[in-house]
Amino acid sequence: MLAAETAFEALIKEDSSAAMLGAYQKKVESSWIKDELWKVRNMHQGFEQGMYAGMFHTALQFVTGGRGIRNRYRAKAGHEHMHKLAEVPADGGNEAHLLGPARNDGKLVFDKLTDLYHSGTKHEEDQPSHLIIHDTNVCNERCVKEYGSPCQNFCPANVYEMVDDATQPNGKRISLNPSNCVHCKTCDIADPYQIITWVPPEGGGGPNYDGM
């Protein structure tokens, strides 16, 4: 809402300068948003070194009102945690148990499409895709070789698929199912090339989560 207000004011004044749009930052910092989020500013970063270190930092942040050891913890962007296939053991090493399709028992843990069905996600099928891949050649020519097309795995809703295509250099091409999207924004965050942009869909479509 604050972003929309700032954009509206800029349109009225016909001024899209950095000084004009910088009012957004000031609006956020003087609102309840900062009061609420400042206390949890280091939660995610506290887990950079693993679960046990993260639990320690979480407890410390609760006691210190979000500060922890330092006022602002450092952290790497999500996509910087990605490793190229050439950098990891072929058998997965210590993370071999994570290779292959996710395990599910059909009782407590389900496959992606079953979870998607239960999320009640709805989008207008003929609307323009709200997931923008700025260069699909990167997906078809580089990512499939360098990273093994991780979008197929980190997306929880089967939005991204690599389908067979003999015309492509590696025999695969990216295919989008944007109507499946549950708007977690993982693709925008974890894509190793940072060429995927999530934007709001038309009509505010998305998950409903009825009965979950």
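Helices here are DSSP runs of H or I with at least four residues, strands are runs of E with at least two, and both are numbered from the N terminus. With that in hand, E14 sits just after α1 and takes a positive phi of about 55 degrees.

A word on the model: it is predicted, so local features need pLDDT of at least 70 and side-chain atom pairs count only at pLDDT 80 or more, while totals for chains, interfaces and linings use all residues. Residues are numbered from 1 along each chain as its sequence is written, and side-chain values use heavy atoms, with hydrogens and water left out.

Now for two helices and their lengths. The expected span is 1.5 Å times one less than the number of residues.

| Helix | Residues | End-to-end C-alpha distance | Expected span |
|---|---|---|---|
| α1 | 12 residues | α1: 17 Å | α1: 16 Å |
| α5 | 14 residues | α5: 20 Å | α5: 20 Å |

Let's stay with α5 (51-64). Which of its residues are buried (under 20% relative accessible area, against over 50% for exposed and in between for partly exposed, with a 1.4 Å probe and protein chains only)? They are G54, H57, T58 and Q61. These cover an arc of only 110 degrees around the axis, so they lie on the same side of α5; the arc is taken from the directions from the helix axis to the C-beta atoms. On the face turned away from that buried side you'll find the exposed residues Y52 and V63. After α5 comes G65, with a positive phi near 70 degrees.

Just upstream, Q45 is in the loop between α4 (32-37) and α5. Q45 counts as buried because its relative accessible area is 16%. Leaving aside neighbours within four places in sequence, Q45 is in contact (heavy atoms within 4.5 Å) with Y73, R74 and A75.

Next, the largest nonpolar core, meaning a set of buried Ala, Val, Leu, Ile, Met, Phe, Trp, Tyr and Cys residues joined through side-chain atoms within 4.5 Å. This core has 23 residues, and those touching the most other members are L131, I133, V159, Y160, I174 and I195. Elements giving two or more residues include β1 (131-133), α7 (136-146) and β2 (160-164), and α7 gives the most, with 3 residues. Among the contacts of I174 beyond four places in sequence are I133, C139, Y160 and M162.

Finally, H118 is in helix α6 (residues 112-119). H118 counts as partly exposed because its relative accessibility is 38%. Its C-alpha is 8.8 Å from that of N208, although H118 and N208 are 90 residues apart along the chain.
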